[in-house]
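Student: I should like to go through this structure by asking what justifies each term applied to it. Please set each value against its criterion before concluding.

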Amino acid sequence: MYHDMEYRVPYADTDQMGVVYYANYLEYFERSRTEMLRAAGLPYSELEKKGIILPVSEAYCKYLAPARYDDLLTFRSWVKEIKGVRMVIASEVRRGDELLVVGHVVLVSVNPERKVVRMSKELVESCEQFFWSPEDEK
């Protein structure tokens, strides 16, 4: 299963050409994965209280078409992989049925002392519901 959320593009997200500034898509990915984790029962604030910190170690975006001011977008995220200390969360940005951006981030689990540690059992189990692949719909 994947997690979807809607977002209407404000002027503040656009550049002089009237399209969403390219770097904002990484923020959209963050909004989407944060809400996905909340839906899994693990908001970031709770993870941090438990000493689980998930910095991004890699980010990738492929831009297929631009979003513009006042577009109603859907941010879709799912867990692509959890292995050892890493979690890969894939994301898409859509306008209706049109796919605008695809990408992923790699998160690494660290403790409060910033030492790399294995993903917690609780995190892995909570995220299992969001393991998905677009190929699952074919």
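Student: How many salt bridges does the count come to by the rule?

Tutor: The model is a predicted one, and by the rule the count comes to ten salt bridges. The rule asks for a side-chain nitrogen of Lys or Arg within 4 Å of a carboxyl oxygen of Asp or Glu.

Student: What makes the contact between E46 and K49 a salt bridge?

Tutor: The N to O distance between the side chains of E46 and K49 is 3.3 Å. The cut-off is 4 Å, and the pair E46 and K49 is therefore called a salt bridge. As for their placement, E46 and K49 are three residues apart in helix α2 (residues 44-49), so about one helical turn separates them.

Student: Why is K49 called exposed, and E46 partly exposed?

Tutor: K49 has a relative accessibility of 67%. Exposed means over 50%, so K49 counts as exposed. E46 has a relative accessible area of 32%. Buried means under 20% and exposed over 50%, with partly exposed in between, so E46 is partly exposed.

Student: How do you know that K50 forms a salt bridge with E122, and where do the two residues lie?

Tutor: The closest N and O atoms of K50 and E122 are 2.6 Å apart, which satisfies the limit of 4 Å. This pair links distant parts of the chain: K50 is in the loop between α2 and β2 (56-63), E122 is in helix α3 (residues 121-127), and their positions lie 72 residues apart in sequence. With relative accessible areas of 43% for K50 and 33% for E122, K50 is partly exposed and E122 is also partly exposed.

Student: What makes E125 and K121 a salt bridge, and where are they in helix α3?

Tutor: Their side chains meet at 3.8 Å, N to O, and the limit is 4 Å, so the pair E125 and K121 qualifies. Both residues lie in helix α3, four residues apart, about one turn of the helix. E125, at a relative accessible area of 46%, is partly exposed, whereas K121, at 63%, is exposed.

Student: Which residues are linked in a network of salt bridges?

Tutor: The network links D71, R95 and E98.

Student: Why are β1 and β2 said to stand at the edges of the sheet?

Tutor: The sheet is open and has five strands in the order β1-β3-β4-β5-β2, with antiparallel pairing. β1 and β2 each have a single partner strand, so one side of each is left without a neighbour in the sheet. Neighbouring strands of this sheet are turned by 20° against each other on average, direction ignored.

Student: How do you know that β4 and β5 pair?

Tutor: At least two bridges are needed for pairing, and ten join β4 (residues 86-95) to β5 (residues 98-108), which run antiparallel. For example, A90 has H104 in β5 as its bridge partner, and R86 has V108. The hairpin of β4 and β5 has two residues between the strands, and in it G96 takes a positive phi near 65°.

Student: What shows that β3 and β4 pair as well?

Tutor: β3 and β4 pair in the antiparallel sense over nine bridges, and the requirement is at least two. S77 stands opposite S91 in β4. In the hairpin of β3 and β4, also with two residues between the strands, G84 takes a positive phi near 65°.

Student: What makes β4 a mostly covered strand, and how does α1 lie on the sheet?

Tutor: Eight of the ten residues of β4 are buried, and the strand is accordingly described as mostly covered. α1 lies across β1, β2, β3 (72-83), β4 and β5, running at about 65° to β3.

Student: Why is I82 called buried?

Tutor: I82, found in strand β3, has a relative accessible area of 19%. Buried means under 20%, so I82 is buried. Leaving aside neighbours within four places in sequence, I82 is in contact with M87, M119, V124, C127 and F131.

Student: Which residues make the nonpolar surface patch?

Tutor: Y21, Y22 and Y63 make a nonpolar surface patch of about 340 Å². Of these, Y22 is found in the loop between β1 (3-8) and α1 (24-39).

Terms used: Residues numbered from 1 in each chain as written. Predicted model: local features only at pLDDT ≥ 70, side-chain atom pairs only at ≥ 80, totals over all residues. Heavy atoms only, no water. Patch = residues over 30% accessible without salt bridge, like charges linked within 9 Å, V, L, I, M, F, W, Y side chains within 5 Å. Areas by Shrake-Rupley, 256 points an atom, 1.4 Å probe, with all protein chains shown as cover. Buried < 20%, exposed > 50% of the residue type's maximum accessible area, 1.4 Å probe, protein only. Axes fitted to C-alpha atoms, helices over the stretch in contact; angles between N-to-C directions. Contact = heavy atoms within 4.5 Å.
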